[in-house]
Structure formats: structure tokens, C-alpha cells
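Biologist: I should like to take a close look at a single part of this protein. Could you please describe one helix and its surroundings in some detail?

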Amino acid sequence: SVVATHVVSENQELFAVMLPEFFRILKPTGFCVMFCDASQWQLLYDLSTKAGFTVQNWPLVWMKTSPCRNGAPGHNFTKNYELAMVLRKKDARLLSPQLSSVGVFSAMEDRAKFDHPFVKPQKLWLWLIDAIVPRTDWFLDPFAGEGSSILAGLSAGITPVGIEIDPTHHSKMINHVSAFLAKPTS
């Protein structure tokens with residue numbers, strides 16, 4: 001559950017410290033993409049612009065085609081999407097024109113591999129990677145979970161760097177990456 005994985009106020013404090021560092025370490029052509037809840041958009045927008053980023057004024061939207069949980073189905077519509085905020089430095093340019101800010105992907109295959117409440121499908125990661133990460137660069141996922149982004153980066157031939165604070169998820173990420181790297185290439 002979200003509560004078992006995050007303390008929202010701690011994440012808000014963490015972003016206030018992390019966003020200036022993200023800005024500092026990114027190349028002048030770098031992007032930062034953050035998944036967030038709609039209720040956090042304005043706070044993250046303000047922290048991002050304060051750090052020096054230009055923020056795309058509309059989110060990327062991941063429309064989920066796989067079943068989604070609803071903790072209060074008698075009261076709430078089921079949320080079947082996630083938002084991502086796109087931040088960029090001054091000289092950042094997309095690698096190719098993107099004709100939509102909406103990606104439609106299922107997480108079913110990835111849910112079978114990863115026991116993480118916020119797993120993102122590899123196809124979603126590849127969409128983002130193909131749009132913003134030159135093949136000679138690397139990317140950082142500071143909330144890598146069990147490593148779905150890391151595996152996508154490896155499969156795309158990019159050097160990924162993953163950070164995960166939860167020891168259980170980190171251990172699983174190491175196992176997923178080790179298994180991926182142990183597979184023979186064809």
C-alpha cells in the first residue's frame with residue numbers, strides 16, 4: 001500500500017533537498033521525469049522551478065489498461081492513470097517529436113515479475129527513454145523500487161543508475177538485475 005511504502009510529508013521534504021541536486025548534476029541538455037499524484041503537482045512544480053528547472057505545463061499521462069486497485073469502490077471512481085511531471089534544463093530537447101503526452105500501457109506482465117505497488121511497465125519506461133535519453137548517456141532513477149526502470153535501460157543499451165531506500169525492494173532489484181545480466185544474449 002501507499003502508506004506502507006511512503007510517508008508523504010517525508011517525500012515532500014526529500015524533494016525540497018533532491019530537486020536542486022538533480023538540477024546540479026544534470027547535463028545542460030538533461031531531463032528529469034517524476035511520477036506524482038495530482039495533489040502534489042503544484043508543490044513539485046514550485047520546488048522544481050525554484051531549483052532552476054523549466055516544467056512542462058501539462059503532465060505525461062500513463063493510462064493503465066490493466067486492472068487497478070480501489071480502496072473505496074463504494075465512494076471513489078477507480079484511478080486508472082498516473083501522472084508524470086517533465087522537467088528540463090535550458091538546452092534540453094526531445095530526441096524526436098512526441099505526438100502525444102498520453103501513453104497507454106498494461107502493467108500485467110510487469111506485476112508478475114515485480115512485487116512492488118508502484119511498478120511501471122517496461123514499455124512505459126522505454127517510451128520515456130526513447131524520447132529523452134541519448135544512447136550514449138545514462139539515467140538515474142532515485143526511486144528504483146525493484147528495478148523495472150533499470151531493466152528497461154539495460155534492455156535499451158543505456159547505463160542505468162538506481163537508488164532505492166527500502167532494503168527489501170533494493171535486494172529484489174539486485175536479484176532482478178543479476179538475473180537479467182546472467183541471461184545469454186542472442
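Modeller: What follows is an account of helix 3 and of a residue that touches it. The model is predicted. Helix 3 comprises residues 41-51, and its buried residues are Trp-41, Leu-44, Leu-47, Ser-48 and Ala-51. These five lie on the same side of helix 3, because they cover an arc of only 135 degrees around the axis. The spacing reflects a general rule: an α-helix has 3.6 residues a turn, so residues three or four places apart point the same way.

Against what does this buried side pack? The buried residues of helix 3 pack against helix 2 (8-25) and against three strands, namely strand 1 (31-36), strand 2 (54-55) and strand 4 (81-88). After helix 3 comes Gly-52, which has a positive phi, near 115 degrees.

Further along the chain, the loop between strand 2 and strand 3 (60-64) contains Gln-56. Is Gln-56 buried or exposed? The cut-off for buried is under 20% relative accessible area; Gln-56 has 17% relative accessibility and therefore counts as buried. Its side chain reaches the backbone oxygen of Trp-58 at 3.0 Å. Leaving aside residues up to four places away in sequence, Gln-56 touches Trp-41, Val-86 and Arg-88. Trp-41 is one of the buried residues of helix 3, and this contact with Gln-56 thus links the loop to the helix with which the account began.

Methods. Residues are numbered from 1 along each chain as its sequence is written. This is a predicted model: local features need pLDDT of at least 70, side-chain atom pairs count only at pLDDT 80 or more; totals for chains, interfaces and linings use all residues. Side-chain values use heavy atoms; hydrogens and water are left out. Buried means under 20% relative accessible area, exposed over 50%, partly exposed in between (1.4 Å probe, protein chains only). Helices (H or I, at least four residues) and strands (E, at least two) are DSSP runs, numbered from the N terminus. The arc is that of the directions from the helix axis to the C-beta atoms. Contact means heavy atoms within 4.5 Å. A polar contact is a pair of N or O atoms within 3.5 Å; within protein, one must be able to donate a hydrogen and the other to accept it, and residues adjacent in sequence count only if both atoms are side-chain atoms.
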